[in-house]
Amino acid sequence: MITAIVLIRTSVDRIPEIAEAIAALDSVSEVYSVTGTYDLIAMVRVSKHDDLADVIPGRISKIPGVEGTDTHVAFRTYSQHDLEAAFAIGLDA
């Protein structure tokens, strides 16, 4: 599974509607409304790199009110569960 973090600039008067439209897309798992340079962050999960082109420029960027995106592809995923398991290696229960 390939995970992309998509930073999205939008029309500020339509952030909730745009966020809902992005969240409704099949490959989008979460959309966060955030402060700072970008208005939204979307987590996109696909099985192939080529699918990123279909989702991000092909669908997210075409939603009315989306002004621009900046995409970051994850190399590796770490979670609290993964970290707890890693620190527990070699410890007796």
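Select Arg-9 and Gly-68: the two residues stand opposite each other, with Gly-68 lying in S4. This is a predicted model. Arg-9 itself is found in strand S1. Along the sequence Arg-9 and Gly-68 are 59 residues apart, yet their C-alpha atoms are 5.2 Å apart in space.

Keep Arg-9 selected and show what surrounds it. Leaving out residues up to four places away in sequence, Arg-9 touches Thr-37, Tyr-38, Asp-39, Gly-65, Val-66, Glu-67 and Gly-68. Is Arg-9 buried or exposed? Its relative accessible area is 32%, so Arg-9 counts as partly exposed.

Next, widen the selection to strand S1, residues 2-10, together with S4. These strands pair in the antiparallel sense over seven bridges. Now add the other strands. Four strands form an open sheet, in the order S2-S3-S1-S4, with antiparallel pairing. Which strands stand at the edges? They are S2 (28-33) and S4 (66-73); each has a single partner strand, so one side of each is left without a neighbour in the sheet. From one strand to the next, the twist averages 20°.

Select helix H1, residues 15-23, which packs on the sheet. H1 touches S1, S2, strand S3 (40-46) and S4, and its direction makes about 165° with that of S2.

Zoom out to the whole chain. The protein chain has three helices and four strands, and read along the sequence they follow the pattern β-α-β-β-α-β-α. Among contacts between residues at least 6 apart in sequence, 66% join residues at least 24 apart. Switch on the surface: the accessible area comes to about 6300 Å², and 55% of it belongs to carbon and sulfur atoms. Of the 93 residues in the chain, 33% are buried.

Hide the surface and go inside. The largest nonpolar core has 20 residues, and Ile-8, Ile-22, Val-44 and Ile-60 touch the most other members. S1, H1, S3 and helix H2 (49-60) each supply at least two residues of this core. Select Ile-8 and look around it. Beyond four places in sequence, its contacts include Ile-22 and Ile-60, along with Tyr-38, Leu-40, Ala-42 and Val-66.

Move to Ser-27, in the loop between H1 and S2. Its relative accessible area is 18%, so Ser-27 counts as buried. What is Ser-27 in contact with, leaving aside its neighbours within four places in sequence? The residues are Met-43, Val-44, Arg-45, Val-46, Val-55 and Arg-59.

From that list, pick Arg-45. The side chains of Arg-45 and Glu-30 meet in a salt bridge, 3.4 Å from N to O. The pair links distant parts of the chain: Arg-45 is in strand S3 and Glu-30 in strand S2, 15 residues apart. Arg-45 is partly exposed, at 32% relative accessible area, and Glu-30 is also partly exposed, at 29%.

How many salt bridges does the structure hold? There are two. For the other, select Asp-51 and Lys-48, whose closest N and O atoms are 3.9 Å apart. Asp-51 is buried, with a relative accessible area of 19%, whereas Lys-48 is partly exposed at 47%.

Notes
Residues are numbered from 1 along each chain as its sequence is written. This is a predicted model: local features need pLDDT of at least 70, side-chain atom pairs count only at pLDDT 80 or more; totals for chains, interfaces and linings use all residues. Side-chain values use heavy atoms; hydrogens and water are left out. Two strands pair if DSSP finds at least two bridges between them. Axes are lines fitted to C-alpha atoms, for helices over the stretch in contact, and angles run from 0 to 180 degrees between N-to-C directions. Contact means heavy atoms within 4.5 Å. Buried means under 20% relative accessible area, exposed over 50%, partly exposed in between (1.4 Å probe, protein chains only). Accessible areas come from the Shrake-Rupley method with a 1.4 Å probe; for residues, only the protein chains shown count as cover. A nonpolar core is a set of buried Ala, Val, Leu, Ile, Met, Phe, Trp, Tyr and Cys residues joined through side-chain atoms within 4.5 Å. A salt bridge is a side-chain nitrogen of Lys or Arg within 4 Å of a carboxyl oxygen of Asp or Glu.
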